[in-house]
Amino acid sequence: MESVEKKAHTKINRSAKTQHRFFKTMKQQKYLYAMSVPFVLWVIVFNYVPLWGWTMAFQDFKPARSFMEQEWVGLANFAALFQDERFYLVLRNTLAMSIMGLAIGFVVPIIFAVFLNEVRVQTFKRTVQTISYLPHFVSWVVVAGIVTKMLSTDGGIVNEMLMAAGFVNDPVQFMTKGEWFWMIVTLSDLWKEMGWNSIIFLAAMAGVDPQQYEAAKVDGASRLRQIWHITLPGIRPTILVVLILSIGHLITIGFEKQFLLGNPIVVDYAEVLDLYALNYGIGLGRFSYGTAIGIFNSLVSIVLLFLANGIFKRYTNQSVM
Amino acid sequence: MKGSRKGWDDRLFDIINYSFLTVVLLVTLYPFLNVLAISLNESTDTVRGGITIFPREFTLTNYQTIFEYDNLITGFINSTLRTVIGTVLGVVSSAMVAFTLSRADFQGRKAFSTVLVLTLYFSGGLIPGYMLMRDLQLIDTFWVYVLPGMVNAFNIIIVRSFMDGLPFALQESAKMDGANDFAIFWRIILPLCTPVLATIALFIAVGQWNSWFDTYLYNSSNPSLTTLQFELMKILQNTTMGATDANAFRDAQGQEAASSVSPESIKMAISMVTIIPILLVYPFLQRFFVQGMTLGAVKS
């Protein structure tokens with residue numbers, strides 16, 4: 001009995017001691033706390049509190065009512081969502097543009113980096129790099145204006161060139177053709193981000209051991225063979241990490257490009273989940289419905305991220321998360 | 001490595017490679033040069049078409065016209081203000097948090113970095129975000145531009161990985177001299193971090209300067225809070241279909257002045273005004289942001 005009591009006592013004593021030590025260190029680190037706690041709270045307010053807003057999706061939310069007065073409707077908003085034909089159209093657009101964006105926007109920067117890595121004239125290499133980063137810094141508003149201008153029917157360079165080459169007799173109305181919209185968005189994105197997205201691959205290539213290339217040269221390997229057997233395997237880990245992260249962001253493709261490049265004529269191809277949420281949720285004041293769309297969007301992207309990470313783990317025994 | 005020992009397939013590779021990269025260069029540059037040329041070309045002459053990379057009839061009238069437009073001036077001032085204030089707040093807060101997280105002895109390190117890093121993987125979404133701004137009464141204020149995104153996990157990770165590379169001995173010797181943690185941060189660490197702070201300053205500044213959606217969503221009914229990108233967006237949206245008959249600007253401005261300048265020229269001049277400040281800064285910071293991107297990507 002006594003020994004048990006004693007044990008319990010020392011246990012309490014010990015935890016009191018660690019507690020004491022914790023507070024003592026806390027006091028010593030008061031400046032560190034003062035420099036971090038306010039900002040962590042900041043993040044909690046602006047990034048975590050909105051998650052509480054997800055409750056709106058399960059209510060018939062009316063802004064005038066307090067939280068306690070809201071009417072709970074269970075999954076009714078989700079049921080309405082899955083019954084709306086427009087939702088499937090919008091989902092199709094979102095998936096189509098994100099998959100095209102992933103396929104092209106992921107592969108081309110790697111090819112670009114590989115080509116750039118083979119350039120021996122340093123001034124040329126630097127010039128191409130500097131200029132290729134430029135569009136990344138320009139807003140989508142301006143890029144949308146530029147794209148519209150380049151594709152315009154009166155004097156847009158794309159149509160001029162197509163006509164000069166004899167592919168078409170009359171200028172193509174690119175911006176009013178729904179079936180072109182996905183490609184226009186994908187290529188605009190590529191134009192904007194190709195250089196920027198190649199930075200990380202170029203950095204990875206700089207880390208490949210130069211001796212490997214020397215050895216390959218002695219063996220008489222051609223440049224293409226060197227790329228295939230040394231450069232690409234050398235940056236394989238980077239390629240995989242970037243791929244997983246892009247898959248995680250697959251469905252959260254944003255809506256800026258679609259908003260800015262779209263117009264009423266191509267809306268059936270341009271509307272994506274975020275825009276749909278915006279139109280219903282804020283435009284029509286259906287907050288609960290709009291939130292349900294947002295939740296669907298987040299859940300799909302989280303599932304995709306875990307899926308991609310799981311596959312990655314299985315094949316490489318590494319994890320990016 | 002000598003040129004004479006290059007085989008024919010090596011040469012062929014070089015030819016294809018340099019041609020490909022030159023095409024990339026042209027495709028990237030041409031649109032900018034075209035916009036610049038049109039913005040500097042006499043408006044009625046532009047309508048005739050055929051302007052490529054040089055103005056045919058040089059003029060500054062287009063620029064003069066846009067700077068007579070009140071909303072644009074207000075937009076320019078607000079965009080500048082949000083860029084300056086947003087960048088200062090963002091850099092200072094990121095640097096402070098990053099410093100505490102780079103200290104291995106800091107108790108809060110693990111918990112705090114988890115809270116921050118998780119934000120990279122989820123977001124509450126458009127509508128809950130909107131409701132939060134409404135509840136915080138940030139709608140229809142300037143602060144909605146700078147406060148919500150002030151603390152950004154990605155920037156903190158970049159700064160932190162830079163700080164991790166600094167020798168800890170620096171801090172220890174300062175501590176022996178009796179400096180407190182804030183003094184160490186302010187007087188020793190911060191000056192050493194200039195390159196990485198320049199990097200995130202560029203990221204934040206460009207993000208602020210280029211934003212239009214927050215103006216559209218929160219402040220579109222208040223002209224005194226308009227931004228440059230939002231004004232440009234409104235003008236562009238009226239002409240997305242490539243038609244030249246859109247008169248958004250003309251309507252906004254009254255018939256007289258507009259009769260001399262076409263919306264096309266106006267758009268191009270405003271586009272240039274939004275691009276030029278970026279063009280002026282970014283080449284000088286290139287070395288830093290390449291470093292920063294690499295560090296950030298490796299860590300996250």
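Start in the middle of this predicted model by selecting the largest nonpolar core, a set of 108 residues. Colour Val141(A), Val159(B) and Ile200(B) brightly, as they have the most contacts inside this core. Next, highlight helix α10 of chain B, which gives the core its largest share, 10 residues. Now colour domain 1 (2-64) and domain 2 (76-316) of chain A separately: both give residues to this core, so it lies between them. There is also a second, separate core, made of 15 residues. To find that one, pick Leu116(A), Met194(A), Met205(A) and Ile235(A), which are among its members.

**Two helices, two settings**

Stay with α10(B) for a moment and select residues 194-210 of chain B. How far apart are the end C-alpha atoms of this helix? Try the distance tool: they are 24 Å apart, which agrees with the 24 Å that 17 residues should span at 1.5 Å a residue. This helix is mostly covered, with 13 of its 17 residues buried.

For a contrast, move to helix α9 of chain A, residues 210-218. Is this helix mostly buried or hardly covered? Helix α9 of chain A is hardly covered, and none of its nine residues counts as buried. Step just past the end of α9(A) and you reach Gly220(A), whose phi is positive, at about 80°.

**Chain A as a whole**

Zoom out and show chain A alone. Its secondary structure is made up of 15 helices and two strands. The radius of gyration is 27 Å, well over the 20 Å given by the globule rule for 321 residues, so chain A is more spread out than a compact globule. Turn the chain about and you can follow this in its C-alpha trace, which spans about 100 × 65 × 40 Å along the principal axes. Of the 321 residues in chain A, 34% count as buried. Look also at how the chain folds back on itself: among contacts between residues at least 6 apart in sequence, 69% join residues at least 24 apart.

Bring back the colours for domain 1 (2-64) and domain 2 (76-316) of chain A. The centres of these two domains, taken over C-alpha atoms, are separated by 40 Å. Which residues make the contact between them? Domain 1 of chain A supplies eight residues and domain 2 of chain A supplies six. On the domain 1 side, five of the residues are nonpolar, two are polar and one is charged.

**Where the chains meet**

Show both chains again and select the residues that touch across the interface: 71 from chain A and 69 from chain B. On the chain A side, go to helix α2, residues 30-52, which contributes the largest share with 15 residues. Colour the chain A side by class and you will find 44 nonpolar, 22 polar and five charged residues.

**Last stop: Met268(B)**

Finish by selecting Met268(B), which sits in helix α15 (residues 263-299) of chain B. Why does Met268(B) count as buried? There are 27 other C-beta atoms within 10 Å, and 20 or more are needed for a residue to count as buried. Leaving aside neighbours within four places in sequence, show the residues in contact with Met268(B): Val35(B), Ile38(B) and Ser39(B). Then draw a line from the C-alpha atom of Met268(B) to that of Ile139(B), 129 residues apart along the chain; the two atoms are separated by 31 Å.

Methods: Residues numbered from 1 in each chain as written. Chains lettered and ligands numbered in written order. Predicted model: local features only at pLDDT ≥ 70, side-chain atom pairs only at ≥ 80, totals over all residues. Buried ≥ 20, exposed ≤ 12 C-beta atoms within 10 Å, placed from the backbone. Helix = DSSP H or I, 4+ residues; strand = E, 2+ residues; numbered from the N terminus. Expected span 1.5 Å × (residues − 1). Contact = placed C-beta atoms within 7 Å. Nonpolar A, V, L, I, M, F, W, Y, C, P; charged D, E, K, R; others polar. Domains from an automatic or database assignment. Rg over C-alpha atoms; globule rule 2.2 N^0.38 Å. Core = buried A, V, L, I, M, F, W, Y, C linked by C-beta atoms within 7 Å.
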